[in-house]
Amino acid sequence: MSKLSKIFLIHLLVFLAIWLIPWSYAFLTSRPEGRPFTLYSAQLGRFMQMEVGADRKMYWMDDEGVEYSDSQGDSLLPCFYMRQLVGDGLFPDSICGREVNPAMVRMHNFIYSHRPMEVNSPSSGLYFLMETSSGRVDLKMPSDVCSLGKEGMMFYDMESNRENEQLGKVFTDVLNDEGFSFPARFVAANTTTHKSYDNGFLIIDSAGELFNLRRVKNLPSVRRIELPDGLNPVWAAVTEYEDHATLGYICSDDNKFYVVGADGDITLTGLPTFNPFEDEILLIGNIFAHTVRLDRNGKTTYFALDAHDFSLLKSMEVECSSVVEIPGLSFTSPYDGYVRPRF
Amino acid sequence: MIKSIFYKEWIKTRLCLISTFVVLTIVAVYCIVTLGRVIDLHGAAKVWQMMILKDAVFVTLLTYFPLVAGIFMAAAQFFPEMSRKSLKLMLHLPVSGEKATLSMLAFGAVSLLLSFLPGAVFLYVGLSMKIAPVLVWRVMLTAAVWYLAGIAAYFLSSFVILEPVWKFRIPEAIMSVLLLRVFFLSSSACAYEKFIISLTIVTISMILLPWISVIRFREGKQ
């Protein structure tokens with residue numbers, strides 16, 4: 001037993017060394033590194049980065065190295081700085097040859113972000129299906145939660161901590177009638193009352209089909225979304241933008257990024273690849289173009305997508321300072337919420 | 001002989017074990033009562049939302065109690081052995097030193113687990129009355145890591161206390177603290193879901209460590 005004890009102790013010491021030496025090195029040498037705020041200017045057809053000069057004054061620089069003052073930046077990014085331009089009385093009547101007004105611009109502006117941690121963390125499998133037609137202006141959280149297991153859809157009343165079998169049966173039957181295969185492979189919802197309307201769930205069933213489920217007057221409203229041939233969705237996200245133009249985003253198993261339109265049409269975007277389980281994404285959209293920031297393995301790439309057909313307008317890779325990393329063991333990761341050993 | 005060892009260990013540790021049982025049960029009761037108050041004040045829906053959307057577990061008060069209980073248990077069991085040099089006597093009993101040490105450690109670990117059990121059962125029953133089974137499971141899985149840390153703390157503290165040379169106790173204590181850190185890297189619900197089985201195996205294997213100290217003690221290291 002003494003030999004076994006010593007072997008075990010040595011293993012523990014080696015384990016501590018390969019965990020803590022790289023961690024200590026990274027802790028002592030890492031420096032916070034900010035990414036300059038970047039947006040695509042539809043007028044210029046270039047990316048613009050916000051920089052801070054030696055005199056701590058802010059200025060903009062486009063991807064060809066041309067510098068612009070703060071106020072010039074406002075005018076070149078009129079959708080993002082609409083409020084500033086309106087306040088200064090400088091908001092234009094037309095942008096890129098298209099007549100615009102602040103209300104129209106506001107309606108088309110949106111920000112969407114996704115981090116891999118959101119999909120790689122332990123999930124309870126319980127979701128809040130909000131009432132989409134409550135008759136009230138403000139949305140309310142439901143009094144129950146639901147799950148989409150093997151047996152069908154189940155609802156639990158939160159106050160009584162009891163299953164509402166009747167409601168579950170109603171939803172399960174309607175989903176079955178629409179051809180839904182239980183259990184759900186992926187459920188996407190935007191659970192918040194801080195939005196003006198609710199698009200319900202985007203659900204990928206066990207057969208890889210896409211469904212939109214809403215709760216209308218406490219009854220199910222299910223829509224099967226026809227997918228193009230060969231598209232096998234692995235991830236979905238619900239969007240509830242002011243312009244009501246989209247239902248959400250989906251990603252296929254070959255890392256293609258699609259937009260699901262409000263009427264259920266699927267459009268392939270010009271984004272070369274996007275892996276929702278590994279990549280972080282930030283979309284800042286407006287009536288003309290969407291700026292996409294994609295972070296993958298410490299590398300940042302910016303893409304500009306056309307707001308109408310989502311085709312790729314331009315891309316730009318940002319140089320990152322090389323950080324020397326010692327390979328080792330770690331237990332946590334920015335990509336998931338699990339604690340487990342990983343090299 | 002083993003029965004006698006168990007009886008001797010019970011005499012030494014009964015106060016610690018009863019205190020552990022009482023304190024951990026009170027903490028579990030307190031957690032459930034607090035959860036009930038939050039539900040009364042904000043409604044059950046708010047609690048469920050926090051648990052589902054924010055990964056809250058509502059029993060974080062419990063986090064370090066099993067760890068402290070494990071350290072106290074090791075102290076109660078092995079400080080008298082070292083201070084009165086009775087470990088030397090135990091190693092001369094008509095039973096092998098290995099068997100006697102393992103019996104003492106097994107007694108400590110199992111009795112510690114039994115003292116954790118009523119609190120854990122109370123937590124499970126209390127939560128089951130207020131939240132869905134899947135959420136109860138998430139809380140219990142999170143708390144299981146803290147209970148496991150209590151057992152690991154017991155073995156590691158025994159390892160340090162039984163060490164006969166003071167200058168070795170310090171690196172051993174540092175090593176123990178670093179190893180125990182692994183149990184507290186995240187307080188999110190179910191964060192250890194994929195690691196808990198391996199962590200349990202490593203924790204059980206830690207029973208081997210105090211034997212290294214006992215060997216050194218038997219060899220007369222001072």
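Modeller: Let's start with our vocabulary: helices (H or I, at least four residues) and strands (E, at least two) are DSSP runs, numbered from the N terminus. This is a predicted model, in which local features need pLDDT of at least 70 and side-chain atom pairs count only at pLDDT 80 or more, while totals for chains, interfaces and linings use all residues. Residues are numbered from 1 along each chain as its sequence is written, chains are lettered from A and ligands numbered from 1 in the order in which they are written, and side-chain values use heavy atoms, with hydrogens and water left out.

Biologist: Where is P183(A) found?

Modeller: P183(A) sits in the loop between helix 6 (165-177) and strand 11 (184-188) of chain A. The peptide bond leading to P183(A) from F182(A) is cis, with omega near 0°.

Biologist: Why does K217(A) count as exposed?

Modeller: Exposed means over 50% relative accessible area, buried under 20%, and partly exposed in between (1.4 Å probe, protein chains only). K217(A) has 59% relative accessibility, so it counts as exposed. K217(A) also has a positive phi of about 50°, although it is not a glycine.

Biologist: And what makes H244(A) partly exposed?

Modeller: The relative accessible area of H244(A) is 45%, so it is partly exposed. H244(A) lies in the loop between strand 15 (233-238) and strand 16 (246-252) of chain A, and has a positive phi of about 55° although it is not a glycine.

Biologist: How do you know that strand 20 and strand 21 of chain A pair?

Modeller: Two strands pair if DSSP finds at least two bridges between them. Eight bridges join strand 20 (residues 289-296) to strand 21 (residues 299-306) of chain A, so these antiparallel strands pair. For example, A289(A) has D306(A) in strand 21 of chain A as its bridge partner.

Biologist: Which strands of chain A are the edge strands in the open sheet of order 7-19-20-21-22?

Modeller: That antiparallel sheet has five strands. Its edge strands are strand 7 (110-114) and strand 22 (312-318) of chain A, because each pairs on one side only.

Biologist: How many salt bridges does the rule find across the interface of chain A and chain B?

Modeller: A salt bridge needs a side-chain nitrogen of Lys or Arg within 4 Å of a carboxyl oxygen of Asp or Glu. Across the interface of chain A and chain B, the rule finds zero. Helix 1 of chain A gives the most to the side of chain A that touches chain B, with twelve residues.
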